[in-house]
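Subject: Structure for you to look at

Dear colleague,

I am passing on the structure we talked about, with the sequence alongside it. Please have a look at it first, and then read the notes below.

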Amino acid sequence: MSNPYVPLLFLMGVAAVLALGGVGASAIIGPKRYNKAKLEAYECGIEPTPHAIGGGRFPIKYYLVAMTFIIFDIEVVFLYPWAVEFRTLAVFGLVAILAFIAMITVPFIYEWRRGGFEWD
């Protein structure tokens, strides 16, 4: 009897060959017409601004917005299945989701204190 993973490994190999083959073929066959406009950073039709030496620094608001997205994204990912199976999970599910909400409150309060919800 053969291993049941052989077809899966074969399919993964075919996918890797097709992906790498496509990238390689486009690099070899594709046109190479470089000009100044193609090599510049694209900023929605606006002239690109020069970058600061050393890459520059992002303001804390950037990271706070990202943190807000992650907090609420993770919250929805866990709360939706819990809501669907609420009756099946019973008391264990309620305790687990209350512990999860308590843990999710910590970054929420941190972000609130750092001013992440004050939009200027």
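A residue is called buried here when its relative accessible area is under 20%, exposed when that value is over 50%, and partly exposed in between. By that rule, buried residues make up 10% of the 120 residues in the protein chain. Please keep in mind that this is a predicted model, in which the protein chain has a mean pLDDT of 84, with 84% of its residues at 70 or more. Confidence is highest in helix α1 (residues 6–29), at a mean of 95, and lowest in helix α2 (residues 36–39), at 74.

As to the overall layout, the protein chain has four helices and zero strands, so that the elements run α-α-α-α from the N terminus on. Among contacts with a separation of 6 or more, 65% join residues that are 24 or more positions apart. The accessible surface of the chain comes to about 10800 Å², and carbon and sulfur atoms account for 72% of that area.

Most of my notes concern helices α3 and α4. Helix α3 has 25 residues and reaches 36 Å from its first C-alpha to its last, which is close to the 36 Å expected at 1.5 Å a residue. Its buried residues are L64, T68, I71, E75 and W82, and these pack against α4, which covers residues 86–114. As general background, an α-helix has 3.6 residues a turn, so residues three or four places apart point the same way.

Helix α3, which spans residues 60–84, also holds F78, and this residue counts as partly exposed because its relative accessibility is 47%. Together with F69, I70, I74 and V77, F78 makes a nonpolar surface patch of about 490 Å².

In helix α4, two residues caught my attention. E111 lies in this helix and counts as buried because its relative accessibility is 0%. If neighbours within four places in sequence are left aside, E111 is in contact with L64, V65, M67, T68, I71, G116 and F117; L64, T68 and I71 are also among the buried residues of α3. The other is A90, likewise found in helix α4, where phi is near 55°, a positive value in a residue other than glycine. With a relative accessible area of 44%, A90 is partly exposed.

Which residues does E111 contact, once its neighbours within four places in sequence are left aside? The list given above, which includes M67 and F117, is the one to compare with your own view of the model.

Best wishes

Key
Residues numbered from 1 in each chain as written. Predicted model: local features only at pLDDT ≥ 70, side-chain atom pairs only at ≥ 80, totals over all residues. Heavy atoms only, no water. Patch = residues over 30% accessible without salt bridge, like charges linked within 9 Å, V, L, I, M, F, W, Y side chains within 5 Å. Areas by Shrake-Rupley, 256 points an atom, 1.4 Å probe, with all protein chains shown as cover. Salt bridge = Lys/Arg side-chain N within 4 Å of Asp/Glu carboxyl O. Helix = DSSP H or I, 4+ residues; strand = E, 2+ residues; numbered from the N terminus. Buried < 20%, exposed > 50% of the residue type's maximum accessible area, 1.4 Å probe, protein only. pLDDT = per-residue confidence, 0-100. Contact = heavy atoms within 4.5 Å. Expected span 1.5 Å × (residues − 1).
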